Amino acid sequence: QVQLVESGGGLVQPGGSLRLSCAASGFTFSNSAMRWYRQAPEKEREFVATISTAGGYTNYADSVKGRFTISRDNDKNTMYLQMNSLKPEDTAVYYCYADRYNYWGQGTQVTVSS
């Protein structure tokens with residue numbers, strides 16, 4: 001059974017940090033580029049970051065560049081998103097996505113508020 005399970009979301013103050021994880025199972029994780037997306041209330045889902053199969057290539061949305069870092073550990077079948085200098089506009093449900101297989105996780109809520 002294919003699963004992508006996000007974790008690590010929560011409530012954080014502006015300027016704070018969070019680390020999201022996406023644990024994969026049921027497919028060959030190392031064969032797929034992976035992405036993070038997010039969806040804020042009443043807005044469309046938007047791309048956040050992507051990472052290649054071995055982790056050598058990454059790319060980010062302009063809105064998070066320099067603040068977020070995507071990474072992966074293929075031995076642990078897990079992808080990460082380190083989020084620093086968080087802003088209220090980063091508030092959203094964050095989803096992981098397996099590009100090769102078109103699999104989505106269920107999402108984890110991130111709320112940035114004082």
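Select Lys 65 and Asp 62 to begin: these two residues form a salt bridge whose closest N and O atoms are 3.2 Å apart. The term denotes a side-chain nitrogen of Lys or Arg within 4 Å of a carboxyl oxygen of Asp or Glu. Lys 65 is partly exposed at 48% relative accessibility, and Asp 62 is exposed with a relative accessible area of 66%. In these terms, buried is under 20% relative accessible area, exposed is over 50%, and partly exposed is in between, with a 1.4 Å probe and protein chains only.

The model is predicted, so local features need pLDDT of at least 70 and side-chain atom pairs count only at pLDDT 80 or more, whereas totals for chains, interfaces and linings use all residues. Residues are numbered from 1 along each chain as its sequence is written, and side-chain values use heavy atoms, with hydrogens and water left out.

**Further salt bridges**

The structure holds five salt bridges. Select Arg 67 and Asp 90 next; their side chains meet in a salt bridge at 2.7 Å, N to O. This pair links distant parts of the chain, 23 residues apart: Arg 67 is in the loop between strand E6 (58–60) and strand E7 (68–73), and Asp 90 is in the loop between strand E8 (78–83) and E9. Strands (E, at least two residues) and helices (H or I, at least four) are DSSP runs, numbered from the N terminus. Both Arg 67 and Asp 90 are buried. Add Arg 38 and Glu 46 to the selection: salt bridges that share partners join Arg 38, Glu 46, Arg 67 and Asp 90 into one network. Within it, the side chains of Arg 38 and Glu 46 meet at 2.6 Å, N to O. Arg 38 counts as buried at 5% relative accessibility, while Glu 46 is partly exposed at 35%.

**Aromatic pairs**

Display the aromatic side chains now. The structure holds eight aromatic pairs. Select Tyr 37 and Tyr 97, whose ring centres are 5.9 Å apart and whose planes stand at 90 degrees, so the pair is edge-to-face. Rings of Phe, Tyr and Trp (its six-membered ring) pair if their centres lie within 6.5 Å; planes under 30 degrees apart count as stacked, over 60 as edge-to-face and the rest as tilted. Tyr 37 belongs to strand E4 (residues 34–39) and Tyr 97 to strand E9 (residues 92–98), so this pair links distant parts of the chain, 60 residues apart. Tyr 37 and Tyr 97 are both buried.

Move to Tyr 95 and Trp 104, another edge-to-face pair, with 6.4 Å centre to centre and 85 degrees between the planes. Tyr 95 is buried, at 13% relative accessible area, whereas Trp 104 is partly exposed at 35%. Adding Phe 47 completes a cluster in which ring pairs link Tyr 37, Phe 47, Tyr 95, Tyr 97 and Trp 104.

**Arginines over rings**

Keep Tyr 95 selected and add Arg 45, which lies over the face of Tyr 95 at 3.8 Å from the ring centre. A charge sits over a ring if NZ of Lys or CZ of Arg is within 6 Å of the ring centre and within 35 degrees of the ring normal. Then select Arg 19, found over the face of Tyr 80 at 4.0 Å from the ring centre.

**Strand pairing**

Finally, switch to the backbone. Strand E1 (residues 3–7) and strand E3 (residues 18–25) run antiparallel and are joined by five bridges; two strands pair if DSSP finds at least two bridges between them. Ser 7 has Ser 21 as its bridge partner in E3. E3 also pairs with E8 in the antiparallel sense, over six bridges. Select Cys 22 to end the tour: its bridge partner in E8 is Met 79.
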